[in-house]
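Colleague: I should like a close look at one part of this model, namely its charged side chains and what surrounds them. Please take the matter up in a single connected account.

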Amino acid sequence: ISDQKPLGCWSVKHGQILTCPVVCNFETHEYIAVHDDKVLRIWKNEDINLDKAFKATLSADVYRIHALPQGGPLVLFRAGAVRTLDELLEAPQQEIENVLAGEDIRWSGAFMEGQQPVLIFTTEKDGDFFVYAQKPQLSSLHRYKLEPQESAKPLCFTAHITNQTVTLLCLYSNDSVYQVLIPLQQDTEEEEEEEEILSKSLLLNLSVSGAVLKGTSLVVLDKDHVAVLGSLAAPGKQPGECLTIWNTKFQTLQTSKELPLGTSGQLWCYEEKFFLIHGKVLTVIMYKCETSSLAAAVGKLKDSQTPEVSPFLNWNTLEDEELVVSFQSQEPVALKAESRMNLRSRRSTAAAEEQPETVGELLLKVKGASSYILENELKRVMARAPTPDLQATIGCVVTALTERCKKNPKYYPRNFLQQIIETHEFSYSLCPDLMAVALEKNDMPLLQMCLERFPDIPEEVTYTCLKAFLSFSEAQLQSLDVNLDSAICYIDVESDDQEVKTEVVENGFSAEMDQDMCDTKVPKGGHSRSAGETCPVGLQKAALLNAVLHSAYTETFLLPHLKNLPAQQAILFLRYLYYLYVKCSEKVNTTLPGVRSPTINQIMDWMCLLLDAQFTVMVMLPEAKELLSNLHKFVRAQVRFYSELNKIEGSLQELQRLNHLRESQTYSIEVLEII
């Protein structure tokens, strides 16, 4: 999530549909999916093609697969039957009994009660709702009827288990949350003849100060707190979606977060993190529940305009200090919560005199100070002893600098910013405005450092840097202090900026082979001016382009941006990639010398990506015809050369084996004939 890069992607064939959420088997570290209701797929992270993954066709439709840390995955069928995954893999076509009598499953959840898995699911039939509690290991199944509610029906469910009792929480359409207790009773040989009706009790009214929350999703945080995602409708105001946290013990709204871009209506909670779709972005919000007490629920209400709301989460900071004014417009992706009781206990007068000034307090203090004072104070903060929040602190420092740059166009602390990037672990997400400011100031050395060091640069920013590098003239770049370590070892430049061809060891590419295999004449001289032998860019621009080649990217996200690259810049970039490709192929180990020099895989990947994005343009432009032809001929010669090597691979391996068997004590020359 922090790097914003997909680590794996799998898809079913056209026409097939994934019909239940994919889960991970905690024991085997495998993914389990069901498509078209009955087809089970199991694969591991290193598998690429989902169509070649393990496949089993079941005899009945699957509703959900539930993965538990212990006991293995449980499969719930639409007919209400439950099987362990191991049982299904032994006999995929086994008969599945019909447990439900014309009912439709509305929700299901799996839990561990001691060492035994428990599956709870709710069903609906003709407006009546039923609850099933099943222990697969004991073949135990109990059915209950949910007490009906006049003029309201349940919208969603969630549950948790405490002391052999299932607590089922139901969010109803009358904007209330009800609680239902289900005992995990011991099995008896005699079945109950009468259907037991579960009574419910009102747990929470979702209203505050006349505003009503129309909830769509509900999750349990702990025994005293729940989170509800929904739309808050206040009198005279436009309804807006928000995430809210409620204290069920004291019936109070602890905190709320507006979500102006809208959500999908779904909320997930895992390991003290919320997951929700906000607009087109997956937002992750960390939280921490404090011990439920009256002081925690209403401790700060006396100064509040809305007495039902009390601080619970710090939505807007990465640290425990107060929010800096300039940060208020930023939308956090991952936020750290802090116990307010702990904060209050630390805010005594005596402790405040002893504790050092926090970063937030310092930034507020120097907000209007001169640039000299600002930089000195920030350097003093960064010189402190390392803390667990050091990275977040650096993010606050850089953000303060970039905010000053945007407000004062004449201010730009180039050296200070470069020093921060060089000496500290930093990432794009800690200060997204940094590279935007550097692009505006044409700070190519800083952009080079960011591309080489940041693991999470968005593809759009990478493309913008590439376009800027290609658009700068060689004369403009001459005056910039660009790091040349990645290019200077394989590009020798004379005073007239012309590359000097150095003697190299060729690897499967020679003038004779090219002439023989490609029907083209290549000069044998070492100072050939063909596109592959002369570097099309200067040393500074080559170093900047190498930084782009080193940046992490996802092809799906980068390809649309590369299609917008101007034709002349695309040709120049492809010529440089071709030059690097030829250089790598000339070396025996296909490795370029230097520090952070591009690898053969990076060169090939970018070359393929650029051709995919610009192929139609390249074919239509006359000036690209010779380049494409040379590239095609060179690749064809390489393929034929390696094909010849593959033919004698067996003989070479046999020779290697004979050398290991023979222990030659004296110098000798042997001639072996390969037939």
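Which residues are linked with K13 and D51 in a network of salt bridges?

Modeller: The model is a predicted one, and the reply begins with the network itself. K13, R41 and D51 are linked in a network of salt bridges. Within this network, the side chains of K13 and D51 meet at 3.5 Å, N to O. This pair links distant parts of the chain, for K13 belongs to the segment before β1, whereas D51 sits in the loop between β3 (39–43) and β4 (54–57), 38 residues apart. D51 has a relative accessible area of 34% and is therefore partly exposed. K13, at 47% relative accessibility, also counts as partly exposed.

The structure holds 15 salt bridges, and two others deserve a description beside this pair. One of them joins the side chains of E103 and R143, at 2.7 Å from N to O. Because E103 lies in the loop between α1 (85–90) and β8 (104–113) while R143 lies in strand β11 (residues 140–146), the bridge ties together parts that are 40 residues apart in sequence. E103 has a relative accessibility of 5%, so this residue counts as buried; the cut-off for that class is under 20%. Its partner R143, at 33% relative accessibility, counts as partly exposed.

The other is formed by D443 and R414, whose side chains meet at 3.4 Å, N to O. D443 is located in the loop between α9 and α10 (444–453) and R414 in helix α8 (residues 414–423), so this bridge ties together parts that are 29 residues apart in sequence. The relative accessibility of D443 is 0%, and D443 therefore counts as buried. R414, by contrast, counts as partly exposed at 35% relative accessibility.

The loop that holds D443 leads back to helix α9 (residues 433–440), in which the buried residues are L434, M435, V437 and A438. These residues cover an arc of only 160° around the axis, which is why they fall on the same side of α9. In general, an α-helix has 3.6 residues a turn, so residues three or four places apart point the same way. After α9 comes N442, which has a positive phi, near 55°.

Charged residues also occur apart from such pairs. E27, D86, E87 and E90 gather on the surface in a patch of negative charge. Of these, E27 is found in the loop between β1 (18–25) and β2 (30–35). Residues of such a patch have no salt bridge, by the way a patch is defined.

A nonpolar counterpart may be set beside this patch. Y642, L645, I648 and L652 form a nonpolar patch on the surface, and together they have about 310 Å² of accessible area. Y642 lies in helix α18 (residues 625–647). With a relative accessible area of 35%, Y642 is partly exposed, and this value meets the requirement of over 30% for a patch.

One further loop may complete the account. P235 is placed in the loop between β19 (225–233) and β20 (240–247). At 64% relative accessibility, P235 counts as exposed. P235 and G210 are 25 residues apart in sequence, and their C-alpha atoms are 7.1 Å apart in space.

Conventions. Residues are numbered from 1 along each chain as its sequence is written. This is a predicted model: local features need pLDDT of at least 70, side-chain atom pairs count only at pLDDT 80 or more; totals for chains, interfaces and linings use all residues. Side-chain values use heavy atoms; hydrogens and water are left out. Buried means under 20% relative accessible area, exposed over 50%, partly exposed in between (1.4 Å probe, protein chains only). Helices (H or I, at least four residues) and strands (E, at least two) are DSSP runs, numbered from the N terminus. The arc is that of the directions from the helix axis to the C-beta atoms. Patches are made of residues with over 30% relative accessible area and no salt bridge: like charges are joined within 9 Å, nonpolar side chains (Val, Leu, Ile, Met, Phe, Trp, Tyr) within 5 Å. Accessible areas come from the Shrake-Rupley method with a 1.4 Å probe; for residues, only the protein chains shown count as cover. A salt bridge is a side-chain nitrogen of Lys or Arg within 4 Å of a carboxyl oxygen of Asp or Glu. Lys and Arg count as positive and Asp and Glu as negative; His and the chain ends are not counted. The place of a charge is taken as NZ of Lys, CZ of Arg, CG of Asp or CD of Glu.
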